[in-house]
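Okay, thanks for coming, everyone. I'll put the structure up and talk you through what caught my eye.

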Amino acid sequence: MRSTAKMALAALPLLALAAPLPAAANEMHDTVATLNDPVAQDRMAETITAMVGALMQMQVGPLAKAVAQIDPESDAAYIPPDATLGEVTGRDPYYAERLGDDVRATTRMAGHAASALAAYAPVLRDMARDLAAQWEYERDAARR
């Protein structure tokens, strides 16, 4: 493969990364701020905790009854009519809270990653611009 083609292939990922950077700079700043905000982290974690907690309290008896009518040999026939999803799955009573803690930790990690990406964005944009200029130079040189 000619060096010009190799350079073009190498530059494509950087060009693809850098193209949206100027337009997305404000959005990225807002995202970074949200992900690094302890109040937002807690809000996300509390939302997931509440949703999962509610989901685990959902009654699955009527669904199990319908499944058992279609397939009398399924395990659904043995599920009590007032069983909840949490009881059927055998989860521990603190599952929703642990999941909320995981969301909180993941959000913090995503905030750190987004901060690093925002810090490197200008460097990546400049690298992509330099590679694009070098590619154009090499392309023009190959045509001479």
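So, surface to begin with: the chain exposes about 10,100 Å², and carbon and sulfur atoms supply 63% of that. Keep in mind that this is a predicted model. As for what's tucked away, 23% of the chain's 144 residues count as buried.

On to the fold. We've got 6 helices and 0 strands, so reading along the sequence you just get α-α-α-α-α-α. Now look at the contacts in the chain with a separation of 6 or more: 76% of them come from residues 24 or more positions apart.

Let's go to helix 4, residues 61-70. Which of its residues are buried? Those are Gly61, Ala64 and Ala68. Looking down the axis of helix 4, those buried residues fall within an arc of 60°, so they line one face of the helix. The background is familiar: an α-helix has 3.6 residues a turn, so residues three or four places apart point the same way. Over on the other side of helix 4, Pro62, Leu63, Gln69 and Ile70 are exposed.

Last stop, Gln41, which sits in helix 3, residues 38-56. Is Gln41 buried or exposed? Its relative accessibility is 7%, and buried means under 20%, so Gln41 counts as buried. And what is Gln41 in contact with, once you leave aside its neighbours within four places in sequence? That list is Leu35, Asn36, Arg104, Thr107 and Arg108.

That's my tour, happy to rotate the view if anyone wants another look.

Notes. Residues are numbered from 1 along each chain as its sequence is written. This is a predicted model: local features need pLDDT of at least 70, side-chain atom pairs count only at pLDDT 80 or more; totals for chains, interfaces and linings use all residues. Side-chain values use heavy atoms; hydrogens and water are left out. Helices (H or I, at least four residues) and strands (E, at least two) are DSSP runs, numbered from the N terminus. Buried means under 20% relative accessible area, exposed over 50%, partly exposed in between (1.4 Å probe, protein chains only). Contact means heavy atoms within 4.5 Å. The arc is that of the directions from the helix axis to the C-beta atoms. Accessible areas come from the Shrake-Rupley method with a 1.4 Å probe; for residues, only the protein chains shown count as cover.
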